[in-house]
Amino acid sequence: MVMDGIPLVMKYTFPAEDLYRPFWEGLKRGEVLGTRCKRCNTLYFPPQRDCPKCMGSDMEWVGVGKSGELMTYSIVEQKPQGFENYDKYTIGIVRTEKGVNLMCWVVGTPKVGAKVSLSSDGHRVLCEVKA
């Protein structure tokens with residue numbers, strides 16, 4: 001079945017302000033960073049400027065963990081705009097060893113409950129399924 005659609009053009013600006021610079025620099029080094037509230041010790045991913053739990057603003061950058069468990073995944077065959085040149089790919093939700101959930105590109109054969117290692121290709125978060 002073939003469906004025609006109207007091309008959708010979306011342009012948005014990612015917050016390139018200094019607040020998120022450590023996150024992007026971490027990805028370039030292969031690290032996945034979040035923020036942790038120094039007052040109540042809650043860890044956030046994606047990084048937060050303020051802590052919604054205790055309303056504190058004293059946050060620090062920390063790694064979210066190097067491993068986790070694949071909670072769910074989806075194989076993307078109908079790619080959104082900007083991803084047309086990719087082969088089909090798999091995205092998943094991983095709960096890290098430090099207890100935060102994050103979305104990442106899955107490398108390897110996905111399986112719910114599989115142990116994964118987290119890394120980056122410099123632009124996005126990757127989770128590699130361990131054999």
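In this predicted model, strands β4 and β5 pair in the antiparallel sense, and the pairing extends over eight bridges. Strand β4 covers residues 67-76, while β5 covers residues 89-96. One of the bridges sets T72 against its partner I93 in β5. On β7, β4 has a further antiparallel pairing, over three bridges, and here S67 stands opposite S117.

Two residues of β5 can be followed in some detail, namely I93 and T96. Is I93 buried, partly exposed or exposed? With a relative accessible area of 27%, I93 is partly exposed, because a residue counts as buried under 20% and as exposed over 50%. Leaving aside residues up to four places away in sequence, I93 touches E69, L70, M71 and T72, and in addition N101, L102 and M103. The C-alpha atoms of I93 and L70 are 6.0 Å apart in space, although 23 residues separate the two in sequence. T96, by contrast, is buried, with a relative accessible area of 5%. Its contacts, again not counting residues up to four places away in sequence, are V64, S67, G68, L102 and L118. L102 is thus a contact of I93 and also of T96.

The relative accessible areas given in this report are set side by side below.

| Residue | Relative accessible area | Class |
|---|---|---|
| I93 | 27% | partly exposed |
| T96 | 5% | buried |
| C37 | 1% | buried |

A separate topic is the open sheet formed by three strands in the order β2-β1-β3, in which the pairing is antiparallel. The edge strands, each of which pairs on one side only, are β2 (43-44) and β3 (59-63). Helix α1, made of residues 21-29, packs on this sheet and touches β1 and β3, and its direction makes about 140° with that of β1. Strand β1, residues 33-37, is joined to the antiparallel β3 by five bridges, and within this pair G34 stands opposite V62 in β3.

Turning to the interior, the largest nonpolar core has 19 residues, of which F45, V94, L102, V125 and C127 touch the most other members. Which elements give two or more residues to this core? They are helix α1 together with the strands β6 (101-107), β7 (115-120) and β8 (125-129). C127 touches V94, C104, W105, V106, V107, V116, S117 and L118, when residues up to four places away in sequence are not counted. A second core, separate from this one, consists of five residues, among them Y44, C51, C54 and M59.

The cysteines remain to be considered. How many disulfides does a search of the whole structure find? The search finds zero. C37 is in no disulfide, and the nearest cysteine sulfur to its own, that of C54, is 3.5 Å away. The same holds in reverse for C54, which is in no disulfide and has the sulfur of C37 as its nearest cysteine sulfur, at 3.5 Å. The pair is not counted as a disulfide because the two sulfur atoms would have to be within 2.5 Å. C37 itself counts as buried, at 1% relative accessibility, and C54 is included in the second nonpolar core.

Note on methods: Residues numbered from 1 in each chain as written. Predicted model: local features only at pLDDT ≥ 70, side-chain atom pairs only at ≥ 80, totals over all residues. Heavy atoms only, no water. Pairing = 2+ DSSP bridges. Helix = DSSP H or I, 4+ residues; strand = E, 2+ residues; numbered from the N terminus. Contact = heavy atoms within 4.5 Å. Axes fitted to C-alpha atoms, helices over the stretch in contact; angles between N-to-C directions. Buried < 20%, exposed > 50% of the residue type's maximum accessible area, 1.4 Å probe, protein only. Core = buried A, V, L, I, M, F, W, Y, C linked by side-chain atoms within 4.5 Å.
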